Amino acid sequence: MKVDILTLFPEMFKGVFESSILKRAQEVGAFQYRLIDFRDYTTDKHNKVDDYPYGGGAGMVLKPQPIFDAVEEVVSKEEHKPRVILLCPQGEPFTQQKAEELAKEEHLIMICGHYEGYDERIREHLVTDEVSIGDYVLTGGELGAMVITDSVIRLQPEVLGNDQSATHDSFSTRLLEHPHYTRPNDFRGMKVPDILTSGHHQKIEEWRTYQSLKRTYQRRPDLIKVDHLSEKELKMLEE
Ligand code: ADE
């Protein structure tokens with residue numbers, strides 16, 4: 001997958017994109033990215049990317065021209081039209097389902113703003129998706145672009161060594177994950193549950209399912225659709 005990021009702060013991305021799984025994804029050919037500083041596309045002599053809002057008021061607004069020109073240059077070299085994602089707090093909330101949808105694309109363009117806002121014509125005529133990574137306001141869209149890229153690239157089939165690990169995630173099953181333990185069995189007197197060392201695979205699976213369900217019920221009841229639960233599961237939760 002190709003990801004092109006329009007930003008005024010390209011230096012923010014290095015640490016995230018050049019480490020760990022995103023680095024490995026590039027080595028196996030599953031991820032290519034470009035950082036495009038849209039200030040380079042300004043046409044005025046002061047390289048201004050923003051201007052005062054029509055109608056007055058506090059704050060500045062990102063001008064349409066540099067962002068349109070940068071996106072159009074990228075798109076003009078492509079055979080297929082890429083999705084153009086605008087990061088902003090008023091966008092659609094980003095979820096695992098959205099990550100799975102975007103992971104099927106070959107090419108994404110993400111626009112990261114700073115300052116007060118974007119000229120509305122960017123939203124109306126350039127962008128295909130407006131996405132928010134949560135109900136809080138960040139100083140800019142860069143962290144959101146990193147979050148989306150990370151979650152989308154790890155879903156590429158070549159990326160996670162064990163192809164089970166992505167489908168077993170919390171949220172792709174709509175339940176939170178069960179607890180995990182590794183050695184030692186006794187760490188400072190804190191013991192691993194006996195069931196996990198019993199070697200009884202079916203009982204272990206049942207225990208994990210119950211723990212997932214219980215954890216989701218306690219922490220994120222909004223994820224559980226009660227009418228999707230079996231009688232046995234409902235009874236377990238009532239205990
Ligand atoms: N830019 C500022 N806040 C944001 C958020 N919550 N999500 C995406 N982009 C943003």
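I began with the make-up of the ligand shell: 7 nonpolar residues, 5 polar and no charged. Here Ala, Val, Leu, Ile, Met, Phe, Trp, Tyr, Cys and Pro count as nonpolar, Asp, Glu, Lys and Arg as charged, and the others, Gly among them, as polar. I kept in mind that this is a predicted model, where local features need pLDDT of at least 70 and side-chain atom pairs 80 or more, while totals for chains, interfaces and linings use all residues. Residues are numbered from 1 along each chain as its sequence is written.

Next I listed the shell, taking residues whose C-beta atom, placed from the backbone, lies within 6 Å of the ligand. Among them are Leu87, Cys88, Pro89, Gly134 and Leu138. Strand E5 (residues 83-93) gives the largest share, 3 residues; strands (E, at least two residues) and helices (H or I, at least four) are DSSP runs numbered from the N terminus.

Then I checked UniProt. The unreviewed entry's "binding site" annotation includes Gly134 and Leu138; such annotations, given in the numbering used here with shortened feature names, may be inferred rather than shown by experiment.

Gly134 or Leu138: which is exposed and which partly exposed? Gly134 lies in the loop between strand E8 (129-132) and helix H6 (142-153), and is exposed because 12 other C-beta atoms lie within 10 Å. Leu138 is in the loop between E8 and H6 and is partly exposed, with 16 such neighbours. The classes are buried at 20 or more other C-beta atoms within 10 Å, exposed at 12 or fewer, partly exposed in between, with C-beta atoms placed from the backbone.
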